[in-house]
Amino acid sequence: MSVVGYQADEFPGVKKVFQKSVSGRFRTIKSAVLLAMFIGFYGLAWLPWDRAGATPNQAFLMSFSEGKFYAGPLTFWPQDLFLLTLVLLFSSFALFFTNTIVGRVWCGFSCPQTLWTDAFQMVERLFEGDRNEQIKRAKEGNTPDNIARKIAKHFVWFLIAYVTGLTLIGYFAGTAHTFIGVTTLSASTTVCVMVLVFTALTYLLAGHAREKVCLYMCPWPRFQSAMLDPDTKIVTYHAWRGEPRGKAKKKAAGGEVGDCVDCSLCVNVCPTGVDIRNGLQLGCIGCGLCADACDSIMTKLQRPTGLINFASLAQTHDEAHLTAPLQNAGGKQRKTTKVRFYGYGVMLSLVAAAMVFTIVTRTGFDVAVTPERNPPFVTLSDGSIRNIYNIRLSDRGDDVPSVLFTVEGVNNPIITISHAGSTLAEAETPTIDFTSFTAAALRVLITVPAQDRPSGQEPIMIRLSNAQTGEVMTEASTYFWGPENRP
Amino acid sequence: MGKIEKDPITGQYTTGHQWNGIRELRTPVPTWWMLVWIASIAFAVVYAVLLPSIPLGNKTTAGATGFTARLSLEAQLAEVRAEREAEGAVLADLELAEIAAHPELSVLAFNGGRSAFAVNCIQCHGAGGGGQVGQFPSLIDDDWLWGGQLEEIWYSINHGIRNETLDARFNLMPAYGDWMSDEEIADLADVVLALNPASPDHGGVSQMPGWENYDLNCTACHGAAGLGNHDLGAPNLSDAVWLYGGARDEIIAQIAYPRMGVMPAFGERLDEATIKMLAIYVHSLGGGEGGDEETASAQ
Ligand code: SF4
Ligand code: SF4
C-alpha cells in the first residue's frame with residue numbers, strides 16, 4: 001500500500017514477542033490462579049440463588065433494570081453505593097499493601113489482562129506450537145497449513161472472547177437471558193451491542209495487544225515503581241552471582257565467569273519481552289516465569305537455583321557486597337520495619353472493618369420522610385390537626401409481610417396511610433402490607449386531636465416495626481406542626 | 001529533493017528531504033491509523049448524504065433519509081399520545097370505584113391525576129391541595145361543601161361550581177345585610193359559633209337571642225344542628241373548618257354579604273379520563289371521604 005510502510009522494525013521498541021512455555025514453581029501458581037479465576041468468572045455467573053418472590057434467582061447480579069446488586073444472600077440498593085466506595089478503597093489499599101511486600105504480584109498473577117493473555121497464548125501454542133515453531137511459521141508466511149492453523153486459533157480466540165462478553169454482560173443482564181437472547185438475537189440492542197463490544201475488547205486486548213497494554217496503556221506500572229522500597233520483594237537477577245556471563249564449559253575449566261550462561265531462556269519466556277538481567281524495568285510485570293526458566297537451567301547445570309528470584313533490593317545489595325545491611329544516608333543501620341507496610345495494613349483493616357460493620361448493621365428497611373409544607377398542617381372538622389408526610393420505604397429483602405407505623409413525640413396520634421388510589425377508609429390502619437423486595441411511596445397522614453395539638457413545631461419520630469414480632473426496623477425523625485396559639 | 005536512503009544510525013528510511021544537510025527520518029503513520037482516517041472520511045460523506053448536515057443560512061441540507069430531530073420527536077410524542085389514548089380509553093370505560101380498587105390502574109390514575117392537578121388546580125388549591133382561607137377550599141381536610149366521595153368529587157371537577165354551564169353545582173346564600181340589622185346579624189353569628197359542640201355556649205344555643213332568626217332563615221340549608229348539606233353545597237357550621245374564616249367578625253361578614261367561589265367546568269377542557277384521574281388523585285390527597293358510613297356519620 002502506498003499510504004503505509006509501517007513495519008515492526010520501523011518502530012523501535014515494538015517488536016513481536018514470541019513467548020516460550022516454561023514449567024516451574026511460578027508457572028504452577030499462575031496456572032492455578034488462572035484456573036480458579038476462570039472457573040470463578042464463568043461459573044459464578046450461572047450460580048442460582050433462591051430468592052423469595054419474583055426476584056431474579058442469579059446469585060451474582062448487578063441488575064440495571066432494577067438498580068440493585070445481588071450478591072448471594074445480600075441485596076444492595078442504590079443507596080448502598082457508599083459501600084462501593086469502600087470496596088474500591090479496599091481494593092486500592094490491597095493493591096498498595098501487596099505492592100509494598102511483593103511488588104507487582106497483581107500484574108503477574110491476577111490482572112485480567114495477564115490472565116486472558118496467558119489463556120490466549122496457551123491456545124496459540126496449541127495450534128502454532130511453542131516459540132521456535134511460531135517463529136518458524138511467521139517466517140514461512142501464509143502456507144496453507146499456517147493459514148488453517150491461524151484460522152483455527154482465531155476461531156477459538158473469538159469463541160473465548162464471545163463467551164467472556166456474554167458472561168460479563170450476564171452479570172448485569174442475567175446470564176441465561178444474555179446467552180440465549182444474544183445468540184438468538186432476541187435480546188435488546190443494548191445488550192447485544194455491549195456483548196459485541198466486550199467480545200471485541202477481549203479479542204483485541206488478550207489476542208493482539210497483550211504486553212502492549214502493560215507497556216503503553218495501563219496506568220499502574222507508571223506509579224507502582226514509585227511505591228517500591230528497598231524491602232519490597234521483586235523479581236531480581238542477582239548480577240553479582242551471574243556476571244560475567246559465559247559458557248558453562250569455561251567455568252568448569254576454572255575460568256572467570258559467573259553463573260549466567262547467557263542462554264536467553266529468561267528473555268524468551270517473558271510475556272512482555274523483558275530482559276530482567278538489565279535490572280528492574282517498567283516492562284516487568286513480576287510474573288516470575290524467568291525465575292522458573294533460569295531455575296530449570298541451573299538445576300540442569302547442578303548449580304544453586306535462584307539466580308533470578310523474588311528478592312528485595314536490600315537483600316541483593318547485602319549479598320552482593322557481603323557487608324553489613326544497607327546503610328541509610330546518615331550511616332545508621334537501615335530500618336527494616338516498614339512504615340508503609342503497617343500503614344497500609346492498618347488502613348486495609350479499617351476499611352474492611354467499616355465494610356463489615358456497614359453490611360452487618362444496615363437495616364433491612366430504609367425510610368425517607370418528607371413533610372408536606374404546602375400547607376404545613378390542616379385543621380379537620382373536629383378541630384384536630386393533621387400533618388401530611390411523603391414517605392418512601394424500601395425493603396432490602398428481609399421478608400417482612402407487614403409494617404406497623406408508630407409515632408412518638410405527640411399525644412394520641414392517629415396515623416392514616418393514603419397512597420395511590422387507595423381510599424382512606426380502606427387504609428385506616430397504621431400497618432401496610434409490604435411485599436418483600438419493593439419500594440413504596442406513601443402519603444402518611446398524622447392527625448392529633450384538638451386538645452393534644454402542639455403549638456408550632458414539635459419534633460417527632462416515625463417508627464416502623466414488624467407487625468408480627470414488634471421488632472423495630474427503622475425510624476426517622478421529623479416534625480409535626482401545629483397552629484401557633486394566639487395570645 | 002535528495003535520494004531516498006536509509007539512515008545508517010537508526011536504520012530508518014529518510015523522506016528524501018534535506019535542509020542544510022539535515023535529513024528527515026520517515027516515520028510513517030501506522031496503517032490502522034490511516035484506515036481509521038479514511039473510514040472517518042467515508043463515514044462523513046455517507047452522513048452528509050443521508051442526514052441533514054450542511055448549514056444553509058437558517059436551515060440545512062435535507063438529507064436523503066428525510067430525518068430531522070424535530071420529526072423524530074414528533075413521532076415519539078405521537079407514540080406516547082397513542083399510548084395515553086389507549087390508557088385513557090380504559091379509564092374512561094371504568095367506574096371510578098373500579099379504577100380505585102385496581103392495583104395498577106389506581107397508580108396510573110394517581111400519577112396522571114397528579115400531573116393534571118399541577119397544570120389545572122394548584123393555581124387555586126395550592127400544590128399540596130391546602131387551598132387558601134377566604135378564597136379556595138382545602139382539599140385535604142375532612143369537610144366537603146359538595147361531598148368528598150369519589151363520585152361527588154368527580155362531579156365537582158367535571159361541572160364546576162357556579163359557572164355558566166347548565167349542570168354546574170349551584171347555590172346562592174342570600175345577603176342578610178340587606179334586610180337584617182347589624183345587631184340581628186351579630187346575634188346570628190353568636191348562634192353559628194355556638195353550633196360547634198366544643199363551644200361552651202353549645203348547650204344553650206336554642207335559648208340565644210339569634211336562635212329564632214337562625215331557625216327561620218338558616219335551617220333550610222344548614223340544618224337545625226348546622227351540619228350543612230352536601231346536595232346544596234351548604235357548609236357545615238358546627239365544625240372547625242371555615243372557608244371564609246371562623247372568627248366572629250368573619251362570620252358576621254359572611255352572613256351580611258356572603259362571598260361564594262366559582263370553579264370552571266373542567267369537563268369542558270379536559271377529557272374524560274383526565275377528569276377521572278383528577279378525582280382519584282384529589283380523593284387520595286387525604287381529605288376524601290370513603291364509603292357511605294363515613295358520610296352518614298358526618299351528616
Ligand atoms: S501492567 Fe496493567 S495491564 Fe499489565 S498486568 Fe499490570 S495491571 Fe495488568
Ligand atoms: S522479566 Fe521475568 S518476571 Fe518480569 S515479566 Fe518477564 S518473565 Fe515475568
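This passage describes the surroundings of the ligand, one long-range helix span and a sheet in a predicted model.

In the predicted model, ligand 1 is enclosed by a shell made up of R104(A), W106(A), C107(A), C111(A), Q113(A), T114(A), V213(A), C214(A), C218(A), W220(A) and P221(A). By residue class, this shell comprises eight nonpolar residues, two polar residues and one charged residue. Four helices of chain A, namely α3 (105-110), α4 (112-128), α9 (211-217) and α10 (220-224), each contribute at least two residues to the shell around ligand 1.

Of these helices, α4(A) was examined further. The helix α4(A) consists of 17 residues and spans 24 Å between its first and last C-alpha, close to the 24 Å expected at 1.5 Å a residue. Because 13 of the 17 residues of α4(A) are buried, this helix is largely enclosed by the rest of the structure. The residue that follows α4(A) is G129(A), which has a positive phi near 80 degrees.

Chain A also contains an open sheet of three strands, arranged in the order β1-β2-β3 with antiparallel pairing. Since β1 (60-63) and β3 (74-76) of chain A lie at the edges and each has a single partner strand, one side of each is left without a neighbour in the sheet. Neighbouring strands of this sheet are turned against each other by 10 degrees on average, direction ignored. The antiparallel pairing of β1(A) with strand β2 (residues 68-71) of chain A extends over four bridges, and F69(A) in β2(A) is the residue opposite which M62(A) stands.

Note on methods: Residues are numbered from 1 along each chain as its sequence is written. Chains are lettered from A and ligands numbered from 1 in the order in which they are written. This is a predicted model: local features need pLDDT of at least 70, side-chain atom pairs count only at pLDDT 80 or more; totals for chains, interfaces and linings use all residues. Side-chain values use heavy atoms; hydrogens and water are left out. A residue is near a molecule or strand if one of its heavy atoms lies within 4 Å of it. Ala, Val, Leu, Ile, Met, Phe, Trp, Tyr, Cys and Pro count as nonpolar, Asp, Glu, Lys and Arg as charged, and the others, Gly among them, as polar. Two strands pair if DSSP finds at least two bridges between them. Axes are lines fitted to C-alpha atoms, for helices over the stretch in contact, and angles run from 0 to 180 degrees between N-to-C directions. The expected span of a helix is 1.5 Å times one less than its number of residues. Buried means under 20% relative accessible area, exposed over 50%, partly exposed in between (1.4 Å probe, protein chains only).
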